[in-house]
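Got the viewer open? Keep the selection box handy and follow along stop by stop.

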Amino acid sequence: MKIWNMLGAVGLVLATQSWVSAEEIEIPSINPDEGRIGEVRRVADESEFKVCSDPDNMPYSNLKLEGFEDKIAKVLADDLGKKLSFQYAYNRQGFLRNTINAMRCDVIIGMTSDFDGLRTSKPYYRSGHVFVWRKDSNYDITNWDSPDLKKGIIGIVDKSPATIPLNDYNLMTNARPYRLQRDLNLPTSFIIDDLVKGDIDVAVMWGPIAGYYVKNSKVPLEMRLIPEYNKVNLKGKEYWNISVAVRMKDKDRIKMINEALERNKDKIDAILKDYGIPTVPVVEGDSVYKK
């Protein structure tokens with residue numbers, strides 16, 4: 001889940017680019033003092049649509065601009081008549097501090113709508129956690145009490161919301177935990193890769209990541225959205241509204257983005273569908289604090 005990747009040890013590299021191929025880009029290390037209060041910092045250029053992005057985080061984004069957030073960024077920039085550019089940083093602890101809050105970029109394409117550290121747009125999609133299994137296993141999993149969940153090894157991201165119901169249903173002995181923060185030596189598909197290899201029997205994942213790799217898997221996989229759990233335990237919240245985010249002070253910028261999102265709803269929905277992103281209707285006013 002992308003929003004959980006912002007926790008953990010820092011691994012930061014940054015670069016600015018226009019719409020060019022990855023082969024033309026170098027990602028230099030940065031001066032850690034640049035952008036801090038009292039130091040030289042970038043002044044926002046209103047002719048730019050400058051996105052804070054991860055250089056290697058499919059299906060969201062990468063240097064080749066192959067991610068669905070890359071495509072959505074281009075739709076918004078084109079609609080607003082602005083030049084699209086990117087500031088790259090690995091989406092880990094310090095990501096916000098070293099990107100949008102340091103004025104190195106102005107827009108984050110995917111952020112939970114209830115995040116109170118930034119000003120967020122109206123939600124443009126909503127997704128949740130999913131169960132994924134190999135089709136040839138003949139499993140049928142609809143909820144945490146499905147008998148097939150007890151038959152094999154369940155791959156799950158440690159400390160993700162889905163670990164709450166996993167524990168409540170006494171399934172921890174079946175679990176194989178994966179690090180909350182991805183090892184950058186591994187591809188973003190690593191949990192699905194283990195499922196395909198048979199190292200695990202069921203994967204419990206954030207839907208947008210799972211959906212993309214399920215759609216592109218050479219081994220047939222089944223995927224099903226997990227029922228919401230926040231009425232049982234708020235920490236087990238499985239579904240989230242997703243928005244575009246800007247700095248708190250950028251009221252005019254978010255107004256323009258909201259208008260562009262509305263004008264381009266059909267295009268954005270088509271991008272999400274093309275990437276296999278499982279979506280459900282947006283719940284207005286939804287929050288991690290609200291049952």
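Here is a walk through the fold, one selection at a time.

**The whole chain**

Start with everything in cartoon view, and bear in mind that this is a predicted model. You should be able to pick out seven helices and 13 strands in the protein chain. Of its 291 residues, 53% are buried. Take the contacts between residues at least 6 apart in sequence: 73% of them join residues at least 24 apart.

**The disulfide**

Now select Cys52 and Cys105 and show them as sticks. Their sulfur atoms sit 2.0 Å apart, forming a disulfide. A search of the whole structure turns up one such bond, and this pair links distant parts of the chain, 53 residues apart. Cys52 belongs to strand β2 (residues 48–53), while Cys105 is in the loop between α2 (95–98) and β6 (108–112). Is the pair buried or exposed? Both Cys52 and Cys105 are buried. Look down the S-S bond as well: its torsion is about 110°, so the disulfide is right-handed.

**The big core**

Next, select Phe49, Phe68, Ile72, Leu76, Ile109, Tyr124 and Val132. These have the most contacts inside the largest nonpolar core, which has 51 residues. Which helix gives this core its largest share? That is α1 (residues 68–80), with six residues.

Zoom in on Phe49 for a closer look. Beyond its neighbours within four places in sequence, its contacts include Ala73, Leu76, Ala77 and Leu80. Also touching Phe49 are, among others, Lys82, Lys83, Val107, Ile109 and Ile257.

Then jump to Phe131, Leu149, Leu171 and Val204. They are among the 14 residues of another core, which lies apart from the 51-residue one.

**Two helices crossing**

Go back to α1 and add α6 (residues 251–263). The two helices pack at an angle of about 110°, their axes 10 Å apart. That makes α1 roughly perpendicular to α6. To see where they meet, show Leu76, Asp79 and Leu80 on the α1 side, with Met256, Ala260, Leu261 and Arg263 on the α6 side. Color by class and this contact has five nonpolar residues, two charged ones and no polar ones.

**A leucine in α2**

Pick Leu96, in helix α2. Leu96 is buried, with a relative accessible area of 13%. Draw a C-alpha to C-alpha distance to Ile108 and you get 9.4 Å, for two residues 12 apart in sequence.

**A buried arginine**

Now try Arg182, in the loop between β10 (175–178) and α4 (190–197). How buried is Arg182? Its relative accessible area is 11%, and under 20% counts as buried, so Arg182 qualifies. Setting aside neighbours within four places in sequence, Arg182 is in contact with Asp56, Arg92, Pro187, Thr188 and Phe190. Arg92 is worth a second click: 90 residues separate it from Arg182 along the chain, yet their C-alpha atoms are 9.3 Å apart.

**A covered helix**

Last stop: α5 (residues 207–216). Eight of its 10 residues are buried, leaving the helix mostly covered. Select Gly207, Pro208, Ile209, Ala210, Gly211, Tyr212, Tyr213 and Val214 to light up the buried ones. What covers them? Turn on β8 (125–134), α4, β11 (202–206) and β12 (221–225), which are included in that cover.

Methods. Residues are numbered from 1 along each chain as its sequence is written. This is a predicted model: local features need pLDDT of at least 70, side-chain atom pairs count only at pLDDT 80 or more; totals for chains, interfaces and linings use all residues. Side-chain values use heavy atoms; hydrogens and water are left out. A disulfide is a pair of cysteine sulfur atoms within 2.5 Å. Helices (H or I, at least four residues) and strands (E, at least two) are DSSP runs, numbered from the N terminus. Buried means under 20% relative accessible area, exposed over 50%, partly exposed in between (1.4 Å probe, protein chains only). A nonpolar core is a set of buried Ala, Val, Leu, Ile, Met, Phe, Trp, Tyr and Cys residues joined through side-chain atoms within 4.5 Å. Contact means heavy atoms within 4.5 Å. Axes are lines fitted to C-alpha atoms, for helices over the stretch in contact, and angles run from 0 to 180 degrees between N-to-C directions. Angles under 35 degrees count as roughly parallel, over 145 as roughly antiparallel, 65 to 115 as roughly perpendicular and the rest as oblique. Ala, Val, Leu, Ile, Met, Phe, Trp, Tyr, Cys and Pro count as nonpolar, Asp, Glu, Lys and Arg as charged, and the others, Gly among them, as polar.
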